[in-house]
There are 2 protein chains.
Amino acid sequence: MMSFAPLSSEPRSQVDDPSSLVMRFGADEPLMMDSGVALSPWQIAYQTYGTLNADKSNAVLICHALTGDQHVANDNPVTGKPGWWLTMVGPGKPVDTDRFFVICANVIGGCMGTTGPASINPATGEPYALDFPVVTIRDMVRAQAALIDKLGIESLFCVVGGSMGGMQVLQWAVSYSNRVFSALPIATAARHSAQNIAFHEVGRQAVMADPEWRSGRYLVEGTRPSKGLAVARMGAHITYLSEMALHRKFGRNFQDRSAPTFSFDADFQIESYLRYQGIAFVERFDANSYLYVTRAMDYFDIAAEHGGSLAKAFKGSATRFCVISFTSDWLFPTSDSRAIVHALNAAAASVGFVEVESDKGHDAFLLEEPEMFAAARGFIDAAARVRGIA
Amino acid sequence: MMSFAPLSSEPRSQVDDPSSLVMRFGADEPLMMDSGVALSPWQIAYQTYGTLNADKSNAVLICHALTGDQHVANDNPVTGKPGWWLTMVGPGKPVDTDRFFVICANVIGGCMGTTGPASINPATGEPYALDFPVVTIRDMVRAQAALIDKLGIESLFCVVGGSMGGMQVLQWAVSYSNRVFSALPIATAARHSAQNIAFHEVGRQAVMADPEWRSGRYLVEGTRPSKGLAVARMGAHITYLSEMALHRKFGRNFQDRSAPTFSFDADFQIESYLRYQGIAFVERFDANSYLYVTRAMDYFDIAAEHGGSLAKAFKGSATRFCVISFTSDWLFPTSDSRAIVHALNAAAASVGFVEVESDKGHDAFLLEEPEMFAAARGFIDAAARVRGIA
């Protein structure tokens with residue numbers, strides 16, 4: 001059974017992350033959400049890197065994945081760990097902060113400074129909890145667009161993201177086609193599959209089964225659904241890897257000795273690793289945010305909003321696309337990426353496609369994958385030349 | 001969130017299933033377990049079908065999977081549902097009860113009448129709970145062998161099983177090679193993979209995270225870890241299917257209407273289906289048994305007991321084997337079956353191999369798969385001719 005160390009901090013409610021910039025939107029600037037709710041006030045926390053050029057043509061938006069945040073290329077203030085995409089974003093990296101003005105914002109519904117279920121509901125003076133409106137990927141993109149507006153940027157040079165970040169990239173290209181010069185969706189899909197909805201539902205049920213979840217009101221009641229959230233994370237984590245990667249990293253190796261203990265302790269290394277993943281996650285993530293952000297992915301289905309035709313969604317797009325997938329990614333398999341590419345081809349859009357040979361599973365997009373870096377660099381450099389960015 | 005209806009029955013402790021036969025072993029007949037424990041007294045609950053012939057040469061042992069039981073071809077007394085392998089076992093079926101004497105026993109550690117963690121510990125007068133010794137696949141097979149001894153059967157004509165049942169088939173062939181005339185392991189592996197251990201560990205953590213689990217003492221304390229066990233089952237159930245099967249059966253179909261409800265209700269059909277699977281399971285299965293039986297699978301690694309060589313384990317075997325796998329089974333993929341076949345070839349054993357084309361995932365072995373039935377029938381009929389069974 002997992003044991004949780006005494007917590008170093010109080011439950012994380014809405015705290016303005018002092019290391020992030022925050023854009024606030026008042027009562028006259030509500031976020032119009034797909035659910036029909038006009039959310040106000042609301043705010044979006046973000047990081048920037050590099051310098052916006054004079055004609056504001058070099059802005060790159062990075063979209064983060066399910067449990068990511070805005071700290072793409074700086075130390076994370078909560079975990080103290082390096083930014084989550086240092087391999088891709090930084091000086092001299094494919095998304096070169098010496099050339100581009102890079103923006104990364106925490107998604108709406110998140111828990112790193114952007115308004116979400118842990119934020120204070122002005123109507124009650126308490127955290128929203130489940131009174132927070134259900135969020136969609138399109139809502140996330142709307143919030144980012146409002147931020148970009150405020151920053152005075154008319155058109156993004158590139159929108160980049162993996163997994164749920166890739167969903168946002170696709171949504172940007174559909175919702176704001178003329179504001180996206182180039183788009184780089186990685187390890188993603190134009191709609192969430194039944195199997196992926198199923199995995200998310202198990203995670204949500206694990207959270208909601210924890211009596212400390214208190215129907216979502218744990219912040220008010222001073223409890224913390226750590227065990228449920230840890231179980232959710234453990235299950236999800238398996239789907240981010242591949243059978244090959246697990247076999248290579250852990251195999252059937254025992255934790256402390258060569259023989260089984262004949263107990264329910266973490267006998268195998270893989271068990272110990274997963275327990276650690278679960279425990280570490282609950283220290284940095286809000287349980288209700290986990291419900292909301294997984295739900296947003298479940299609802300994602302671009303074609304559904306365009307008469308069932310993905311090609312129709314992209315029709316007339318002037319955006320240049322590069323789609324990247326990984327051979328061992330079974331959560332967002334190459335077939336999902338091919339469906340995007342086929343639709344873009346049918347819509348006569350400009351698109352390149354790279355399937356990277358990797359045994360690291362879905363997580364490959366966050367890891368050391370030279371073929372991905374080369375593809376991203378080549379695509380971005382070519383697009384920058386066309387746009388005349390030095 | 002899942003809602004559990006008022007329970008129709010008390011928590012299931014060790015109850016002699018009146019519809020099953022029970023073989024009892026006294027203090028002088030302990031079960032010598034891999035953990036070093038000599039378990040006594042103990043008992044094994046089983047069903048039989050058909051008639052043992054005069055020379056006792058027509059006995060077929062069916063080994064059940066993780067959450068299966070002895071009710072392979074009769075209505076289940078707990079659920080009221082038909083036997084779990086009526087397609088394979090019965091009059092005129094591939095395992096033809098008009099020709100063969102078929103035995104199916106609940107595994108040691110189970111909860112359908114065979115001694116397990118819900119059984120009374122004679123040392124305390126209370127259910128064993130976690131004081132029950134950890135069980136291995138070899139322990140399950142030892143218990144079955146003791147039953148077969150008592151039934152006066154020297155040699156089994158055939159041992160048949162899928163998934164964990166297939167593990168028992170392999171263990172029978174290794175532990176009691178001269179007592180197994182033919183063996184039919186289906187959708188199984190000679191060792192449990194790191195990924196499968198990982199999925200099991202998530203399920204166990206879900207059970208143990210439920211405060212009603214009470215460190216395993218829920219029967220004594222009158223609680224019931226239903227929510228945790230349901231979450232475990234939901235997660236496991238996904239792994240029994242395939243992405244194709246889920247897409248075909250459910251796709252992204254909404255439950256009640258064509259639009260999302262923007263809530264955490266079971267919006268999608270797949271969510272509703274999974275919740276039902278979870279709720280139905282806890283009505284029929286003991287939570288601690290779930291821990292023990294998953295653990296037995298995790299520990300399974302035949303080669304490890306033979307210097308790392310699977311071929312060595314099968315060396316000199318006179319048993320005839322037929323190995324069956326399914327193309328869409330990602331829990332026990334064809335590569336696992338091929339490893340068994342290669343080892344049997346290296347051991348110069350008699351082996352046939354059939355990979356059945358199916359999109360139904362791991363569960364295919366329980367479903368309508370004519371190609372599997374034909375392969376099983378052909379193999380069993382040929383073996384019966386060699387053994388001279390009418």
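This passage describes the confidence, the chain arrangement and the annotated site of a predicted model.

Local features were taken at pLDDT of at least 70 and side-chain atom pairs at pLDDT 80 or more, while totals for chains, interfaces and linings use all residues. Residues are numbered from 1 along each chain as its sequence is written, and side-chain values use heavy atoms, without hydrogens and water.

The average pLDDT (the predictor's confidence in each residue, from 0 to 100) is 95 for chain A, and 95% of the residues score at least 70. Over residues 6-15 of chain A, pLDDT stays under 50. Where pLDDT is low, the predicted coordinates should not be read in detail.

A turn of 180 degrees and a shift of 0.0 Å along the axis lay chain B on chain A with an RMSD of 0.0 Å (least-squares superposition on the C-alpha atoms of residues with pLDDT of at least 70 in both). This is the relation of a two-fold axis.

According to UniProt, in an unreviewed entry, the feature "active site" falls at Ser163(A), Asp329(A) and His362(A); such annotations may be inferred rather than shown by experiment. These residues are spread over 200 residues of sequence but cluster in space, with a largest C-alpha distance of 10.6 Å.

Ser163(A) counts as buried (under 20% relative accessible area, 1.4 Å probe, protein chains only) at 7% relative accessibility. Beyond four places in sequence, its contacts (heavy atoms within 4.5 Å) include His362(A) and Met297(A). Asp329(A), at 2% relative accessibility, is also buried. Asp329(A) touches Ala187(A), Gly361(A) and His362(A), residues up to four places away in sequence not being counted. A polar atom of the Asp329(A) side chain lies 3.0 Å from the backbone nitrogen of Leu331(A).

Methods:
Chains lettered and ligands numbered in written order. Buried < 20%, exposed > 50% of the residue type's maximum accessible area, 1.4 Å probe, protein only. Polar contact = N/O pair within 3.5 Å; in protein donor to acceptor, adjacent residues only side chain to side chain.
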